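Me: Could you walk me through this one, a strand at a time? I'd like some reasoning with each reply.

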Amino acid sequence: MSKVIHHADVETATLAIAKECHELAVNGREDGSRCVFGLATGNTMASVYKSWANLALENSMHPQTQGFNLDEFWPLAEAGEQSFGAFMNEHFRGPLGLGEDLFRVPACPAGLDPVDFCQSWEAAIQNAGGIDLQLLGIGANGHIGFNEPGSPSSSRTRLVDLAETTRLRAGFVGDSAPRQAITAGIATILKAKKILVFAYGEDKADAIRKALHEPPHSDCPASYLQNHPNVVWHLATY
Ligand code: GLP
């Protein structure tokens, strides 16, 4: 079941999401153990990390809290400072001094077979007890993570080709954006206990409408979120 919250502005939405993440990170799971976050990148998320980090600096998160980012460019060397690892360092890991061993990005090292890497990534999420709360943005073409249109609902963490529109929007100079990435699959995302989607902007309006109101279809990967029992969409007027 999807719940949709319409916020008056982006700041209000940002704060609501940051607070929910912060409270969960401080309190942990119901049995008192630490929880595990699924984390996303992108402009939409940058302000969430800023607010969350400010809250966490005042009241620290449960020790051993973990995070698994959704995606990373491949090969990593081609991403340079635009890598999602660099994004997480700038916006979250750096300000909070979080270790890369606990807040991980699916950065496949050069020389390692991406297929093996993706298998070990799925196993690491499972060994951590699964993801308690998944943060999610959406692409203008309806992608979630880097699950571009055409991605099957049964997909797991894997190496994918990026859509040209995604490459153009990724903020690289000229045509230098990597052509591939490693992404958690749609089935990987749907295994999270709860999912928070944050989206706003004219350019995403059509993808949001399809995701919420059209039958789930691989043309709009975000529409598969309808199959999850606990998704909250935070939408904001831009
Ligand atoms: C990238 C990420 C997605 C993110 C999307 C939206 O493609 N792989 O996880 O949701 O960007 O980014 P933005 O918030 O910058 O619009």
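**Strands, partners and a buried glutamate**

Reply: Happy to! Strand β1 (residues 2-7) is a good place to begin: in this predicted model, β1 and β10 pair in the parallel sense, and the number of bridges over which they do so is 6.

Me: Which residue in β10 stands opposite V4?

Reply: We have just met the parallel pairing of β1 with β10. Within β10, the residue opposite V4 is W233.

Me: What is the bridge partner of V197 in β10?

Reply: Here we turn to strand β9 (residues 194-200), which pairs with β10 in the parallel sense over 6 bridges. For V197, the partner in β10 is W233.

Me: Through which helix does the chain cross from β9 to β10, and is this crossover right-handed or left-handed?

Reply: The two strands pair in the parallel sense. Between them the chain passes through helix α7 (residues 205-213). The resulting β-α-β crossover is right-handed.

Me: How many of the residues of β10 are buried?

Reply: Strand β10 covers residues 231-236. One way point V231, W233 and L235, and the other way V232, H234 and A236, with all of them buried. That makes the strand mostly covered, and the buried count is 6 of 6.

Me: Which residue in β9 is the bridge partner of L135?

Reply: L135 sits in strand β6 (residues 133-136), where L133 and L135 point one way while Q134 and L136 point the other, all being buried. β6 pairs with β9 in the parallel sense over 4 bridges. In β9, the partner of L135 is L196.

Me: And which residue stands opposite F37 in β6?

Reply: This takes us to strand β2 (residues 36-39), which pairs with β6 in the parallel sense over 2 bridges. Opposite F37 in β6 stands L133.

Me: Now for the open sheet of 3 strands: what are its edge strands?

Reply: The order in this sheet is β4-β8-β7, and the pairing is antiparallel. An edge strand pairs on one side only, which here applies to β4 (71-74) and β7 (158-161).

Me: By what angle are neighbouring strands of this sheet turned against each other on average?

Reply: The strands concerned are those in the order β4-β8-β7. With direction ignored, the average turn between neighbours is 35°.

Me: Which residue in β8 stands opposite E72?

Reply: E72 lies in strand β4. That strand is joined by 4 bridges to strand β8 (residues 180-183), and the two run antiparallel. Opposite E72 in β8 is I182.

Me: How far away from E72 is the nearest side chain of opposite charge?

Reply: E72 is buried yet has no salt bridge. A salt bridge needs the charged atoms within 4 Å. The nearest side chain of opposite charge belongs to R93, at 6.9 Å.

Me: Then which backbone nitrogen atoms does the side chain of E72 reach?

Reply: A polar atom of this side chain lies 3.0 Å from the backbone nitrogen of F84. The side chain of E72 also reaches a second backbone nitrogen at 2.9 Å, that of G85. The names you want are therefore, given the 3.5 Å limit for a polar contact, F84 and G85.

Me: Last one: why does A56 count as buried?

Reply: A56 is found in helix α2 (residues 43-58). Buried means under 20% relative accessible area. A56 is buried because its relative accessible area is 7%.

How values were computed. Residues numbered from 1 in each chain as written. Predicted model: local features only at pLDDT ≥ 70, side-chain atom pairs only at ≥ 80, totals over all residues. Heavy atoms only, no water. Buried < 20%, exposed > 50% of the residue type's maximum accessible area, 1.4 Å probe, protein only. Pairing = 2+ DSSP bridges. Right-handed = clockwise from strand over helix to strand, strands pointing away. Axes fitted to C-alpha atoms, helices over the stretch in contact; angles between N-to-C directions. Lys, Arg positive; Asp, Glu negative; His and termini not counted. Polar contact = N/O pair within 3.5 Å; in protein donor to acceptor, adjacent residues only side chain to side chain.
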